[in-house]
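Reader: I have a fresh model on my screen and would like to talk it through. Could you walk me through it?

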Amino acid sequence: MRLATARGSAQAQTVISVRGVWSAQAQTVEKARHGQARRDGCRSKMNRDFKHWKEAATVILASCVRNCFLNRDSTSTQACQPPRSVPKRETNVIHSWLEMPVFDYAVLMLQRSAKSSFLPHAQVFPGGTVSSSDFSSEWIQMFQPFCKPPNFKLGTVRQTSKRAPTLAMDRRKLGSEIPGEVAFRICAIRETFEESGILLVKPNASETCLSSQGAIKLTQYGQKELIHWRPLMRKNAANFIKLCKQLDCIPNIWALMEWSNWLSPTYMEGKHFDTAFFICCLQEIPFTVQDGYETVSYNWMSPPDFIDGYNSEKFYIPSPQWYELGRLCRLPHFQDLQQFCHHRALEGCERWLPIRLLASDGYAILYPGDDLYPEDPDYTGKKEINITSSKTLEQLRLEVTKLHRVELRDPHDIMLYVNIEPQYKHLHPLTMGSCQNCHL
């Protein structure tokens with residue numbers, strides 16, 4: 001079910017914008033306006049314990065497609081293709097896409113610029129690096145009529161020793177009254193608007209309801225009113241506060257539910273991120289347009305169609321996004337997805353640092369719970385962790401009892417092996433393949 005696609009012009013693709021990093025000119029203006037001391041004070045509110053990873057946030061946007069429509073302002077028709085009549089099957093392995101149930105929702109992925117310094121060409125969910133402005137005390141004043149610290153009516157996540165530290169840590173020790181679970185949501189909402197034009201906010205009105213147990217209907221604003229804000233926010237993330245004040249709205253942090261937390265593997269070159277993943281359900285596909293800088297195209301498609309595109313080498317999807325799309329493949333019906341997200345909203349998530357296992361015929365990516373996963377991985381990022389063996393992937397797999405890994409023999413030949421129970425009432429991905437090759 002391929003719903004909507006838009007590509008940027010060749011000229012737009014030649015422009016590069018590094019995610020979360022201000023230009024030298026913007027930095028100069030900020031220093032002059034606020035002073036170096038204030039800027040350093042704001043930065044101290046972010047977690048600097050793990051300097052190897054930059055804190056980031058992303059959101060999986062899922063939209064119902066039962067009520068399909070033509071968006072006159074969009075660059076493409078957002079309409080359904082004829083559904084496939086296929087049986088629903090409760091299993092861990094789908095042997096053919098013909099066995100996949102019909103999906104009545106789509107998710108948004110953006111293609112990163114070829115000149116991006118991080119994951120060029122990749123299909124990713126909207127998101128980016130956390131800014132000090134996401135922890136600004138100004139947000140407390142803006143949320144004041146409706147909620148207040150410490151949790152801003154988000155509900156209390158069931159704290160455990162394994163909950164992602166970037167979300168669980170007490171930010172007041174770093175000088176911020178804005179907890180990480182609020183700031184990261186603000187970041188994801190801000191970056192989603194910058195990259196796709198989708199604004200996840202609520203009106204600043206007394207009748208505003210803060211509960212979000214189902215799909216949300218977005219507040220409509222004129223595109224002419226919004227279009228000039230996106231480049232301003234690229235230059236200075238603090239302009240998101242100004243946008244909310246001018247539109248008299250607040251970020252809809254209650255619509256984003258905690259989903260997962262991924263650390264960039266140390267074997268990857270370049271930037272590394274500690275990324276909080278959220279999920280948000282929408283009643284209908286909103287007006288969407290890539291920014292032409294960090295993102296050059298967008299796609300609203302069903303989760304299995306994204307995975308099918310990856311398998312057929314139409315595009316590249318990084319392993320965390322591939323894993324999360326596989327999870328969604330277990331929930332083909334939008335109502336079931338909403339209920340699942342609501343029921344596990346306060347379960348939290350654990351931090352995952354993928355570890356590479358090099359074998360004679362390829363490599364595997366190990367996740368927590370696998371027998372070969374290190375008991376105490378290096379979360380400081382000071383050294384690269386690789387496990388090397390002269391054995392084949394199959395030999396290494398058959399020697400252990402607990403499996404939680406993906407095996408790759410080339411970039412588009414990926415297979416998941418997992419036989420452990422998922423934590424935090426979560427799901428394992430639904431996989432394609434043969435029962436003879438899968439230990440599930």
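Author: Gladly; what follows is a set of questions and answers on this predicted model.

Reader: Let's begin with confidence. What is the mean pLDDT of the protein chain?

Author: Happy to start there. In this prediction, 76% of the residues reach a pLDDT of 70 or more. The mean pLDDT of the protein chain is 81.

Reader: How many contacts, beyond near neighbours in sequence, does the stretch over residues 7–44 have in the model?

Author: That stretch deserves some care, since the pLDDT over residues 7–44 is below 50. Residues 93–98 also have a pLDDT below 50, and that stretch has 25 contacts beyond near neighbours in sequence. For residues 7–44, the number of such contacts is 56.

Reader: Now the overall build. What share of the residues in the protein chain is buried?

Author: The chain has 13 helices and 18 strands. Its accessible surface comes to about 19,300 Å², and carbon and sulfur atoms hold 50% of that. Among the contacts with a separation of 6 or more, 76% join residues 24 or more positions apart. Of the 440 residues, the buried share is 58%.

Reader: Which residues of helix H10 are buried?

Author: Helix H10 spans residues 303–311 and is mostly covered, with seven of its nine residues buried. After the helix comes Glu 313, which has a positive phi near 65°. The buried residues in H10 are Pro 303, Pro 304, Asp 305, Phe 306, Ile 307, Gly 309 and Tyr 310.

Reader: On to the cysteines. Why is there no bond between the sulfur of Cys 244 and the closest cysteine sulfur, in Cys 249?

Author: A disulfide is a covalent bond between the sulfur atoms of two cysteines. To count here, the two sulfur atoms must lie within 2.5 Å, and the count of disulfides comes to zero. Cys 244 is buried, at 1% relative accessibility, and Cys 147 is buried too, at 5%. The pair fails because the sulfur of Cys 244 is too far from the one in Cys 249, at 4.2 Å.

Reader: Which residues does the cis peptide bond join?

Author: Most peptide bonds are trans, so a cis one is worth a look. Its omega is about 10°. One partner, Pro 150, sits in the loop between helix H4 (138–143) and helix H5 (165–168). The two residues joined are Pro 149 and Pro 150.

Reader: Is Lys 425 buried or exposed?

Author: Lys 425 lies in the loop between strand E17 (413–418) and strand E18 (431–432), and its phi is positive, near 55°. Its relative accessible area is 59%, and the cut-off for this class is over 50%, so Lys 425 is exposed.

Reader: And what class does the 45% relative accessibility of Asp 248 give?

Author: Asp 248 also has a positive phi, near 55°, and is placed in the loop between helix H9 (239–247) and strand E8 (249–251). Since 45% falls between the 20% and 50% cut-offs, Asp 248 counts as partly exposed.

Reader: One last residue. Which backbone nitrogen does the side chain of Asp 104 reach?

Author: Asp 104 is found in the loop between strand E3 (93–94) and strand E4 (105–112). At 16% relative accessibility, under the 20% cut-off, Asp 104 counts as buried. Its C-alpha is 9.1 Å from that of Gln 335, although the two are 231 residues apart in sequence. At 2.6 Å, the side chain of Asp 104 reaches the backbone nitrogen of Phe 334.

Key. Residues numbered from 1 in each chain as written. Predicted model: local features only at pLDDT ≥ 70, side-chain atom pairs only at ≥ 80, totals over all residues. Heavy atoms only, no water. Helix = DSSP H or I, 4+ residues; strand = E, 2+ residues; numbered from the N terminus. Buried < 20%, exposed > 50% of the residue type's maximum accessible area, 1.4 Å probe, protein only. Contact = heavy atoms within 4.5 Å. Areas by Shrake-Rupley, 256 points an atom, 1.4 Å probe, with all protein chains shown as cover. pLDDT = per-residue confidence, 0-100. Polar contact = N/O pair within 3.5 Å; in protein donor to acceptor, adjacent residues only side chain to side chain.
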